[in-house]
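Here is a briefing on one protein structure. Keep the sequence and the 3D view open as you read.

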Amino acid sequence: MAIQRSFGSSRRGLTRILLFFCALSLYGCSQESRVLSGNRAGILHVSLPAKPQTLDPHVASGTQEYMLISALFEPLTVFDAETLTPEPGAAERWVFDTDGLGATFFLRKDLRWSNGDAVTARDFVFAWRRALNPKLGNQLAETLFHLKNAEEIYSDKIKDVSMLGVSAMSERTLRLEFAHPVPELIVLENLSHAGTVPLHAPTLERYDAVDSRYAGWARTGRLVGNGAFTLDEWRMQRDVSLKANPLYWNAASVGLNGITFYPIESITTEEKLFRSGQLHLTTRLPASKVPSYRDSGAKAYIEQPISRSDYIAVNMSRPPLDDPKVRRALALAIDRPALAQTLYHGAATPIGGYVPTVIRDYPHPTPLKFDPETARRLMTEAGYPNGKGFPEISLLTSSDGIGRNFSTAAMQGWRDKLNIRVKPSLQEYRVYLDSLIGGDFDLVLASWNGAAQPQWWLDRWRSDSPTNDSRYSNARFDDLVLKKAKSTADTKELLRIYADAETLLMNDLPIIPLFQRHSKYLKQPSVKGMPANPINVINFERVALNPDGGVWETEAPLYD
């Protein structure tokens with residue numbers, strides 16, 4: 001009887017056990033675990049939340065893809081995970097003009113592509129011109145919008161790409177001309193993003209990839225990078241393997257011989273593979289496991305508030321969501337603290353604004369509060385007293401555990417507080433992402449993460465932004481982020497302008513703010529050089545493994 005109670009007598013329990021052992025066979029189940037063998041061989045084993053669709057920096061759109069790109073390519077600057085500041089990457093130094101309208105970057109003299117060719121300033125010019133090609137729909141194009149004529153080229157108003165404010169003054173000297181005065185820190189942070197890496201022009205030309213989203217240049221045996229690692233093997237349904245690049249400028253200091261990434265869509269499977277010694281690092285942890293890991297004091301458990309906002313994007317073109325009273329009623333009827341505790345077990349901070357609180361020195365506007373009474377009054381004023389006559393709308397989420405659970409909790413809250421029905425729409429991650437980008441939704445659970453500068457968060461809600469999920473358009477908002485913010489290089493003044501822009505955003509509510517997420521993941525104690533940080537940056541070139549390290553074992557019972 002004891003055995004039956006442990007494993008369960010139901011078909012569901014048996015199915016879960018079989019699925020787990022199938023996963024072990026897929027990701028390796030030899031007598032020696034991947035972690036132990038990896039520690040000795042210097043091979044890091046890391047999970048990915050989904051299958052990468054591309055390694056093209058100008059087509060990529062998911063966290064899993066940018067993680068790989070950061071190991072295969074190196075931009076001018078690198079965001080240091082420990083100091084949280086941009087530091088020299090492919091550029092060894094730089095000089096900014098005193099008027100804030102330009103800068104000169106000097107490349108390292110020993111830069112090589114993985115095929116042996118020299119990396120030159122022309123490679124950055126080529127890559128940045130391609131990044132702004134409107135045919136590619138680059139999701140990170142905005143990281144280059146500080147350059148002269150960048151926005152006009154991206155919006156196809158200027159067709160001559162040679163007018164972009166970047167030029168190669170010599171093999172190792174890159175000159176940048178800005179469209180407006182820009183604080184140095186903003187430029188340096190922008191240039192650390194995956195969308196600004198150089199590209200090897202002969203490779204893209206060989207595979208007709210200069211103007212194409214779908215050319216197959218970024219594949220095994222074809223991809224040429226300048227990062228600390230090269231693409232060794234990409235098995236579409238299994239894993240992506242990288243190996244150390246001997247031609248990387250700082251190859252002698254790279255601590256790993258390789259990295260293998262495993263796309264694992266099931267968060268539960270991911271955690272079990274870690275516990276069985278098949279992964280050095282997870283990217284997530286089931287919310288239901290947070291209390292037991294946190295309470296046990298497990299050394300493998302990492303939790304860190306991060307620069308990520310979760311929100312509900314509202315399709316403002318669809319009635320009744322085009323009514324600002326309806327949008328505000330939906331926002332005020334959400335009990336964020338209760339949802340954060342129910343869904344994330346405290347591993348998320350409820351916020352009534354959009355820009356994360358981890359961003360330093362930013363004057364955050366007054367946040368939204370839980371106010372169901374005002375929400376009901378607004379619905380009445382909008383013509384839906386006690387929900388009467390309110391049409392059925394849908395809430396789109398990805399079909400993973402959190403998406404499904406959030407959908408259920410949010411819909412129940414709106415039903416209880418406003419007496420309206422919102423139906424769930426659950427989609428597999430890639431389909432969900434297509435729907436989000438294409439605007440095919442009423443409401444959609446979404447998130448944004450990245451740099452510790454408010455313009456990274458707010459510029460995307462301008463009318464012409466490619467990442468404006470809600471198709472929000474407000475002339476006053478556009479004036480703040482497109483004109484006033486670009487008229488000053490004073491950091492304090494810039495923060496005030498962006499705070500004013502966020503206030504407008506929270507008045508119009510094209511998005512309903514929810515949480516600032518905490519990064520929660522598991523890391524084997526043998527992994528060194530990977531500090532937790534609010535930007536979730538991993539400098540893979542600085543990571544190393546203790547060859548004598550073992551596999552983490554739980555110090556206290558953890559229940560499935």
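The points below cover empty space, strand pairing, one helix and three single residues.

The model is predicted. A search of the whole structure finds 1 cavity of 30 Å³ or more. A mixed open sheet is built from 6 strands. Helix 9 is largely enclosed by the rest of the structure, because 7 of its 9 residues are buried.

**The largest cavity**

- The largest cavity holds about 320 Å³ of space.
- Its lining counts 25 residues, and those closest to the cavity centre are E142, N190, Q455, D459 and Y498.
- Three elements each give two or more residues to this lining: helix 7 (184–190), helix 16 (454–458) and helix 18 (491–508).
- By class, the cavity lining splits into 12 nonpolar, 8 polar and 5 charged residues.

**The second largest pocket**

- The second largest pocket contains about 590 Å³ of space.
- A set of 28 residues lines this pocket, with Q53, T54, V59, E65 and R430 nearest its centre.
- Strand 8 (229–235) and helix 15 (429–438) are the elements that supply two or more lining residues to the second largest pocket.
- Helix 15 gives the most to this lining, with 4 residues.
- The pocket lining comprises 13 nonpolar, 7 polar and 8 charged residues.

**The six-stranded sheet**

- The strand order in this open sheet is 12-16-11-15-13-14, and the pairing is mixed.
- Strand 12 (348–350) and strand 14 (422–427) sit at the edges, each pairing on one side only.
- From one strand to the next, the twist averages 30°.
- Edge strand 12 pairs with strand 16 (residues 511–522) in the antiparallel sense, over 3 bridges.
- P350 has F515 of strand 16 as its bridge partner.

**The hairpin of strands 8 and 9**

- A hairpin of 3 residues joins strand 8 to strand 9.
- The two strands pair in the antiparallel sense over 6 bridges, with strand 9 spanning residues 239–244.
- R235 is bridged to D239 in strand 9.
- Strand 8 also appears in the pocket account above, as one of the elements giving two or more residues to the lining of the second largest pocket.

**Helix 9**

- Helix 9 covers residues 267–275, and 7 of the 9 are buried.
- The buried set is I267, T269, E270, E271, K272, L273 and F274.
- Just after helix 9, G277 takes a positive phi of about 85°.

**H180, in a loop**

- H180 lies in the loop between strand 7 (173–177) and helix 7.
- Is H180 buried or exposed? Its relative accessible area is 12%, so H180 is buried, the cut-off for buried being under 20%.
- Beyond its neighbours within four places in sequence, H180 contacts G100, L101, H146 and K486.
- Helix 7, at one end of this loop, is also among the elements that give two or more residues to the lining of the largest cavity.

**R328, in helix 11**

- R328 belongs to helix 11 (residues 324–332).
- R328 has a relative accessible area of 22%, so this residue is partly exposed. The partly exposed class lies between the cut-offs of 20% and 50%.
- Which residues does R328 contact, leaving aside its neighbours within four places in sequence? They are L368, L378, M506, N507 and L509.
- R328 and T374 are 46 residues apart in sequence, and their C-alpha atoms are 9.2 Å apart in space.

**L480, in helix 17**

- L480 is found in helix 17 (residues 475–484).
- L480 counts as buried because its relative accessibility is 10%.
- Not counting residues up to four places away in sequence, L480 touches A485, I497, D500, A501 and L504.
- L480 and R129 are separated by 351 residues in sequence and by 27 Å in space, C-alpha to C-alpha.

Key: Residues numbered from 1 in each chain as written. Predicted model: local features only at pLDDT ≥ 70, side-chain atom pairs only at ≥ 80, totals over all residues. Heavy atoms only, no water. 1 Å grid on protein atoms, 1.4 Å probe; cavity = no way out; pocket = protein on both sides within 12 Å on 5 of 7 lines; lining within 4 Å. Points joined across faces, edges and corners; volume = space filled by probe spheres on them. Nonpolar A, V, L, I, M, F, W, Y, C, P; charged D, E, K, R; others polar. Buried < 20%, exposed > 50% of the residue type's maximum accessible area, 1.4 Å probe, protein only. Contact = heavy atoms within 4.5 Å. Pairing = 2+ DSSP bridges. Axes fitted to C-alpha atoms, helices over the stretch in contact; angles between N-to-C directions.
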